[in-house]
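The following exercises concern the empty space inside a protein and at its surface. Please examine the model before reading each solution.

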Amino acid sequence: MLLHISNVNGECKKAPIIFNFGDSNSDTGGLVAGLGYNIDLPYGRIFFRSSSGRLSDGRLVIDFLCESVNSSYLSPYMESFGSNFSHGANFAIVGSSTLPKDVPFALDIQVLQFLHFKARSTQVTGPGSRRLMDDQGFRDALYMFDIGQNDLSDAFAKNLSYAQVIQGIPLVLAEIKSAVMTIYEQGGKNFWIHNTGPLGCLPQKLSMVDKTNRTLDQHGCLQPCNDAAKIFNEGLRALCDEFRSSLEDVNVVYVDIYTIKYDLIANASKYGLKNPLMACCGFGGPPYNYDLKVQCGHGEYTTCTEGSQYISFDGVHYAEAANKIVASLILSTNYSTPQLKFDYFCQS
């Protein structure tokens, strides 16, 4: 069932340049670099064999997508040591959302960081220095967005009513629209936008809801959380349609991450995965192995053995085994609108 990741899309005809905006689903070390937080083993125990700043036991979906175009992994924008920005930069930070605005590291702040990066990258800064990339490089680059999950999650965590959560979605979409438009006005023309996954299937969310006051679907996921995610995704899809019809010379690919991830939950065994609603690393044992007070890497947590093929690593973030499958399904183009291959931006 699993596709081979490397070279799925073939060779790029020009150097792939990628800029990513998002939250922990695509943060490759920004939280550690920006705030000095420690993310220790067992995070990173697979592939990297040490902490890489990623909230997973190994690679993220974005890492596999970079591999598919033979690009180096994206360096966090705020990492001052060992960074390579010749192939782009990653502005995603753990915990990021679109609202409230003007706080680290909301989406609008990430876009401001990009604008600063762009301005500095195209300047000659001193003797012997060279530009990271020229204006054409920024125009040809791929701009990826994977954000919105925390906006929904935080709203439910504040015990807002379902109606109140839904009422806030247009404000979230407005922030995403503003971010895309800002980059478009800077010359960006290639956009790759992920919708949000099934929030109600996360062990974290399932463990924190009173057992007497929850509505579960046929696969054991929280129906209200997933319904809210679907409504957000419908709005995001419509926004992508609007971009294509109203903006000139743009490619906007909308990727249905929700369907991919929900299928992993519903049909885990088909993909060689198990315990779809249980965290590999956590505390409390079945059914969810998640305790807000004893989280992965802290206290008396327990961890599944390597190669256990869990979907969730820590109750919120996916394990490498699941991320690899998600990436392979993204690369199939079966979940993309329009069905452009991931390497479209570095072919022409």
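The exercises below treat the cavities and then the pockets of this predicted model.

**Exercise 1.** Determine how many cavities of 30 Å³ or more the structure holds, and describe the largest cavity.

*Solution.*
Step 1. A count of the enclosed spaces of 30 Å³ or more gives 3 cavities.
Step 2. For the largest cavity, the volume is about 210 Å³.
Step 3. Its lining comprises 25 residues, and those closest to the centre are Asn25, Ser26, Val61, Asp146 and Lys261.
Step 4. Two or more lining residues come from each of helix 2 (61-68), strand 3 (142-146), strand 4 (190-194), helix 9 (257-266) and helix 10 (320-331).
Step 5. Sorted by class, the lining of the largest cavity contains 11 nonpolar, 12 polar and 2 charged residues.

**Exercise 2.** Identify the residues that line the second largest cavity, and sort them by class.

*Solution.*
Step 1. The second largest cavity has a volume of about 70 Å³.
Step 2. Its lining is made up of Asn25, Gln149, Gly197, Pro198, Leu199, Leu202, Lys261, Val316 and Tyr318.
Step 3. Sorting this lining gives 5 nonpolar, 3 polar and 1 charged. Gly is counted among the polar residues.
Step 4. Asn25 and Lys261 belong to this lining, and both also appear among the residues closest to the centre of the largest cavity.

**Exercise 3.** Establish which helix gives the largest share of the lining of the largest pocket.

*Solution.*
Step 1. The largest pocket holds about 1,200 Å³ of space.
Step 2. Of its 46 lining residues, Ser153, Ala157, Gln204, Lys205 and Met208 are the closest to the centre.
Step 3. The elements that contribute two or more residues are helix 1 (30-35), helix 5 (149-157), helix 7 (203-207) and helix 8 (223-246).
Step 4. Among these, helix 5 provides the largest share, namely 6 residues.
Step 5. The class division of this lining is 25 nonpolar, 15 polar and 6 charged residues.

**Exercise 4.** Describe the second largest pocket, and state which helix gives the most to its lining.

*Solution.*
Step 1. The space in the second largest pocket amounts to about 270 Å³.
Step 2. Its lining has 14 residues, and Leu99, Asp151, Ala155, Lys158 and Val172 lie nearest the centre.
Step 3. Helix 5 and helix 6 (162-185) each supply at least two lining residues.
Step 4. Helix 6 gives the most, with 6 residues.
Step 5. The lining of this pocket divides into 9 nonpolar, 2 polar and 3 charged residues.

Methods
Residues are numbered from 1 along each chain as its sequence is written. This is a predicted model: local features need pLDDT of at least 70, side-chain atom pairs count only at pLDDT 80 or more; totals for chains, interfaces and linings use all residues. Side-chain values use heavy atoms; hydrogens and water are left out. On a 1 Å grid over the protein atoms alone, a cavity is a set of points where a 1.4 Å probe fits but cannot get out, and a pocket is an open set with protein on both sides within 12 Å along at least five of seven lines; lining residues have an atom within 4 Å of a point. Grid points are joined across faces, edges and corners, and a volume is the space filled by probe spheres set on the points. Helices (H or I, at least four residues) and strands (E, at least two) are DSSP runs, numbered from the N terminus.
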